[in-house]
Every structure is written in structure tokens, then in C-alpha cells.
Amino acid sequence: MDRGSARLLRSSQVVARFLVVILLTYLGLLAVTFFIGRVIPIDPVLAIVGDRAPEHVIARVREELGLNKPLWEQFYIYVSKVLHGDFGRSVLTSNPVMQDIRRTFPATFELATLGIIIGAGIGVPLGVWAAVRRGGIVDQVVRIMGLIGYSIPIFWLGLMALVVFYARLGWVSGPGRIDVVYEYTLAPVTGLLLLDSARAGEWQAFGNVLSHLILPASLLGYFSLAYISRMTRSFMLNELGQEYIVAARAKGLSETRIIWRHALRNAMVPLVTVIALSYAGLLEGSVLTETVFAWPGLGLYLTNSLQNADMNAVLGATIIVGSIFVGLNLLSDLLYQMLDPRTRAMVRR
Amino acid sequence: MTGTSEAARRADENLHQWLMSDRPRSRRQAAFGRAYATWRTFARNRLAVVGLLIVIGLALTAAFADVLSPYSPYIGDLRTTRLLPPSTAHWFGTDDQGRDILSRVIFGSRITLFVVGLVAILAAPIGLAVGTLAGYSGGLIDAALMRITDIFLAFPRLILALAFVAALGPGIGNAVIAIALTSWPPYARIARAETLTLRQADYISAVRLIGASPWRIVWRHIMPLCVSSVIVRVTLDMAGIIITAAGLGFLGLGAQPPSPEWGAMIANGRLYVLDHWWVAAAPGAAIFIVSLAFNFLGDGLRDALDPKASK
């Protein structure tokens with residue numbers, strides 16, 4: 001075998017292994033949710049027919065639900081249903097769960113996206129600054145913000161922020177996504193209210209949406225900022241100690257250029273994966289944040305369903321959030337391999 | 001007078017010499033010397049000592065909650081003490097049922113300690129067992145166990161814990177089980193990595209030559225050496241565990257009322273937060289301080305027990 005085809009074989013092996021990992025992980029996710037759905041102490045048959053139903057009715061419903069089949073067959077049916085986007089009906093809203101998720105998801109997406117923009121937009125420069133002036137004031141600030149971010153409950157910080165910025169200072173609007181006045185004036189095109197209001201040219205509504213969004217988004221942004229700035233700092237310190245930096249200095253390049261064009265560009269490779277991971281973390285953090293801010297997103301839908309023991313909705317939302325989380329996790333792995341020029345050269349040839 | 005202090009100083013000096021000796025004459029001396037050196041590294045980190053003191057304070061508060069709390073944590077006076085702001089009589093104010101919040105926070109420390117302890121007891125051994133088994137056996141067992149670990153690692157922890165609690169039913173015990181089920185994978189990873197380096201060591205080959213069974217090697221000679229790095233990681237995780245437990249309580253899925261669990265207290269305070277901020281403020285601050293303390297403690301323990309990882 002010549003060298004070229006050996007390389008091809010190796011890179012296709014990398015891709016194949018990656019696909020196997022994705023498949024196994026998703027299968028694991030489905031197995032766990034299936035298991036959770038099975039161990040629930042409420043018998044789904046009794047939940048439908050009531051416990052006074054005659055024996056033959058119970059048997060018939062059990063058959064209709066497919067609960068008399070062997071476990072592996074039930075799992076197979078479950079998996080194929082989920083793959084078709086069928087999570088069953090929500091007891092609480094009596095809609096198909098998928099429809100509910102589609103309705104609530106844009107709110108969470110808008111919140112988490114603005115959060116990560118704030119987190120990365122401030123976190124990366126802050127981390128670079130902390131690394132360049134190591135031991136300085138900014139370095140200390142980054143350290144303390146990181147410690148607080150790891151130690152403070154997000155829902156409590158959200159409540160206290162509401163008290164200060166909404167109730168006392170009146171700088172922002174309170175819970176919810178938009179004031180009732182504007183609620184039905186916007187045509188839901190994308191479901192992202194900032195985009196919808198800007199497209200329609202409703203700048204008053206846009207301002208209102210922003211004043212609702214800014215507090216929870218900053219809160220989520222803070223938690224990703226705490227993580228991103230710490231990681232940026234350590235990646236930058238690693239790069240700044242390399243020999244190519246010494247070479248760049250010897251060439252007489254300006255310090256600004258060295259930091260932002262040379263060091264940060266190399267630090268960006270692991271940083272992209274960190275940002276992808278903290279974006280996934282924000283989706284998780286939004287469950288608690290949405291509860292505090294009465295934000296009508298996927299997180300609030302999940303907790304409302306939990307409190308009403310609406311298992312179809314709980315499992316549907318868990319699978320969706322879990323899938324996005326797993327997807328981002330794996331994507332960050334892949335990005336890492338693609339962005340690193342050393343591995344890229346290997347895959348391309 | 002000077003004579004006695006001189007003698008005391010010299011006794012201290014001798015003890016220091018005995019502990020720091022390069023050639024300990026007995027096993028006991030070596031063990032004490034090792035502990036002393038660890039303590040000196042640990043004590044050099046001031047924040048870590050502060051963290052340790054706060055954690056000890058938490059344990060004492062939990063133990064003497066009956067003595068320390070000025071009022072009953074469960075029964076308040078609905079007519080006269082409802083939603084009072086902080087004052088000298090009620091340092092942290094009172095809640096909607098007229099209960100003293102300070103007393104409730106004090107009793108809540110018991111629940112926090114219970115959660116933290118139980119999760120550590122449940123999750124750490126699972127991780128340790130899975131990790132050492134995978135690392136020592138290698139091959140197919142290793143691949144299978146690590147795949148399972150990775151699958152659990154790829155999940156969002158809080159969401160998974162939520163789904164588990166939804167299935168098991170709300171309550172503090174189920175919350176603990178759910179958190180433990182979601183927090184063992186990192187420990188397995190660490191234990192496996194340690195095992196992989198240890199299994200090549202000469203002393204393991206020596207034990208194997210003597211004829212020890214694989215179980216004995218893992219149990220007696222590998223696991224004890226993995227314990228310290230797992231302890232470090234568990235301590236660093238404590239803050240996350242406390243916050244997750246409080247989050248479950250906040251969502252109404254952890255401890256149930258009237259239990260003075262801190263997260264559930266915040267959930268109750270949320271109803272009145274705009275006019276009566278203090279109801280939610282105190283339990284949240286308690287969570288923050290205890291989590292911060294565990295983070296400090298974990299950092300210090302890492303420096304003292306696991307010098308490799310501290311860079």
C-alpha cells in the first residue's frame with residue numbers, strides 16, 4: 001500500500017470512529033430516557049383507564065400501548081418514534097410534545113445566544129488582558145469572578161438582580177419576554193423577538209424586548225464569562241511562553257500584533273471548543289434562569305411538566321436538550337481537530 | 001519564666017525535627033511525617049485554611065443546630081412576626097409564616113451536609129471501582145466501561161438529574177440518588193488515568209510475582225493510591241453538588257416543605273422577593289459561602305495532595 005492511500009485509510013478511520021461515537025452516545029441518551037420512562041412508579045395503563053377498570057380493559061390498553069411486548073422490542077419502537085420526532089402528547093397542554101418544543105425553543109435559543117455573545121465578547125478580551133498583565137488587577141478580577149461563578153447559585157443571583165435592577169432601580173423590565181401591550185402586534189416569523197421586531201421596524205417593541213432580555217442574558221453571560229475568561233487566560237499564558245513569540249519579538253513586531261495576531265490566533269483553537277461547551281452549558285443553565293424570569297422557553301416548559309408529572313413532555317424536552325448538548329460536545333471535538341492545522345493537513349491529503 | 005518558654009521552644013524544635021526527618025525510624029514516624037508535610041503545604045494556602053474553617057463551622061452548626069438557633073425553624077407566629085425585615089430580634093428577618101430565617105438557615109446546614117456527605121459516599125466509590133477496574137483490566141472491559149462513562153459525561157448533569165427525579169418522585173433522598181448517578185463519571189476518568197500509570201510500576205509487578213490475585217492488586221495496591229486524587233476532585237465538585245441540590249430544591253423537586261432546605265427556602269422567598277428581599281437573600285448567601293469554602297478547600301487539597309495537577 002502506498003503512502004497516499006494509507007493516509008486516506010487513516011483519516012476515514014478517524015471519521016468512522018467519530019460516527020460510531022455519535023451513534024453510541026445518542027443510543028445511550030435514548031436508553032437512559034427509555035429507562036427513566038420505564039421505572040416511573042405510575043403504571044401508564046392505570047393512568048389512562050383508572051384503577052377500577054375491569055381486567056380485560058387493562059389487558060387491551062396494555063396491548064394497545066405495546067407494553068406486553070418484550071423490552072427490546074419496546075425500545076426499538078421507542079427509538080423509531082423518537083427518530084420521527086414523535087414524543088407523544090403532553091398531558092398538560094394536550095398538544096403533541098414536538099409542537100410544544102418547537103413553540104418554546106426560539107425563546108431559549110434567543111436567550112442563550114445573547115448570553116454566549118456577552119460571555120465570549122467580554123470573556124475573551126478579559127482573559128487575554130489577564131494573561132498579558134499576569135498578577136495585575138485584571139488578573140485578580142478574572143480569578144475572583146471565576147470563583148464566584150463556580151460558587152453562586154444562578155437562580156439566586158437572578159432573583160437578587162431582579163430585586164436590584166427591576167424593583168429598586170427600574171432599569172430593566174421584569175419577568176417575561178415582552179410586555180402584554182406588544183405581545184400580539186408582532187408576527188412570529190422567526191420566533192426570535194429581537195429579529196421579528198427589527199424586521200417589522202417596530203422599534204418600540206424592539207426596545208421593550210431588549211429590556212426584558214438584557215438581565216437574564218447578562219446573567220447567563222456572566223456564568224459563561226467566568227469560565228471563558230479563565231480558560232482564555234490559561235491558553236494565552238501557554239502560547240505566550242512559546243518560542244515563536246520570542247521569534248516574533250526578535251523580529252521587532254509590535255506587542256499588540258504579537259498578542260492579538262500571533263498568540264490569540266493559536267489560543268483560539270482550544271478556545272472555540274470551550275465556547276461551544278459553555279454554549280451547551282447555557283442551555284442547561286437556562287432551565288433555572290427561565291424559571292426565575294418566567295421566560296417562556298424550553299426550560300420553563302420542562303420544569304412545568306416536571307411539576308405536573310407530565311412524563312412525555314419531560315422526556316421529550318430532556319431528549320432535545322440532551323441531543324443539543326451532546327451535539328455541541330461532539331462538534332467541539334470535531335472543530336478542535338479541524339482547526340488545528342497539524343491535524344487538518346493530515347485529513348486533507 | 002524564660003527557662004520554661006525556652007524548653008517549650010526546644011520541644012517544638014525537636015518535634016519538628018522528628019517529623020521532618022529524612023530517615024524515619026518507624027512506620028509511625030513516617031506516617032506522621034507525611035501528614036505533617038501535607039499539612040504544611042496545605043496551611044501555606046491561606047484561602048484553603050479559611051475554606052477548611054468554614055466547612056468545620058458548617059459541621060459544628062449542623063451538630064449544634066438545636067442550641068444555636070434562637071427560634072423554632074418550623075413554627076412561627078403568623079399574627080405578629082410575619083415577613084419582618086432583619087432586626088436585632090430576627091437577624092435575617094422572618095418569612096411568610098412568621099418563622100425566623102436565621103434558625104431555618106442553621107437547621108438547613110444539616111440537610112446540606114447530609115446531601116454532600118451522601119453524594120460523596122455514593123458517587124466516589126462507584127467512580128473509583130469503575131475507573132480502577134477499567135484501567136487494570138484493559139481491553140474490551142476498559143473500552144465498554146469508558147464508553148458508558150463518556151456517554152454519562154456527555155449529558156447535561158442538571159437535566160439528567162431532573163429526569164431521574166421526575167421518575168423517582170420528588171424528595172431529598174431521590175435528589176441525592178439522582179445527583180450521585182450523574183456525578184460519578186469524572187471520578188472514574190481520574191481513577192482510570194491513575195491506574196494506567198500505576199499498573200506499569202515495579203511494585204505492582206512484584207506483588208503479581210508473589211502471586212496476588214488481580215482483585216487483591218486492585219483492591220489493596222491500586223485503589224488506595226487513587227483515593228487522594230479522587231478526594232481532591234470530589235471536594236472541588238462539592239460546590240457543584242450543593243448548587244445542583246439547591247437547584248432541585250428550588251424547582252420543588254428536592255426537599256419538600258416545611259423542610260428548611262436552602263434551595264426550597266429561596267423558592268419560597270421568590271414569591272415575596274420584590275417587596276421582602278430578605279426571605280430569599282439569607283439562604284442564597286449561605287449556599288454561596290459554603291460553596292466558596294469547598295472551592296477554597298479543594299484548591300488547597302489539590303496543592304497538598306496532588307502536586308502534579310496544581311500547575
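These legends go with several views of a predicted model containing chains A and B.

**View 1. Here is chain A as a whole, an arrangement of 15 helices and zero strands.** Taken along the principal axes, the C-alpha atoms of chain A fill a box of roughly 90 × 70 × 40 Å. Chain A has 349 residues, and 38% of them are buried.

**View 2. This one looks at how chain A's contacts are spread along its sequence.** Counting contacts in chain A between residues at least 6 apart in sequence, 71% join residues that are at least 24 apart.

**View 3. Now we move to the place where chains A and B meet.** On one side are 34 residues of chain B, in contact with 38 residues of chain A. Five helices of chain B are worth finding here, since each gives two or more residues to the side that touches chain A: α6 (139–153), α7 (157–168), α11 (214–250), α12 (262–270) and α13 (278–305). The largest share comes from α13(B), with eight residues.

**View 4. The side of chain B that touches chain A appears again, this time sorted by residue class.** You will find 26 nonpolar residues there, along with six polar and two charged ones.

**View 5. The last view is about confidence in the prediction.** Chain B averages a pLDDT of 86, and 97% of the residues score at least 70. For the model, ipTM is 0.84 and pTM is 0.84.

How values were computed. Residues numbered from 1 in each chain as written. Chains lettered and ligands numbered in written order. Predicted model: local features only at pLDDT ≥ 70, side-chain atom pairs only at ≥ 80, totals over all residues. Contact = placed C-beta atoms within 7 Å. Helix = DSSP H or I, 4+ residues; strand = E, 2+ residues; numbered from the N terminus. Nonpolar A, V, L, I, M, F, W, Y, C, P; charged D, E, K, R; others polar. pLDDT = per-residue confidence, 0-100. Buried ≥ 20, exposed ≤ 12 C-beta atoms within 10 Å, placed from the backbone.
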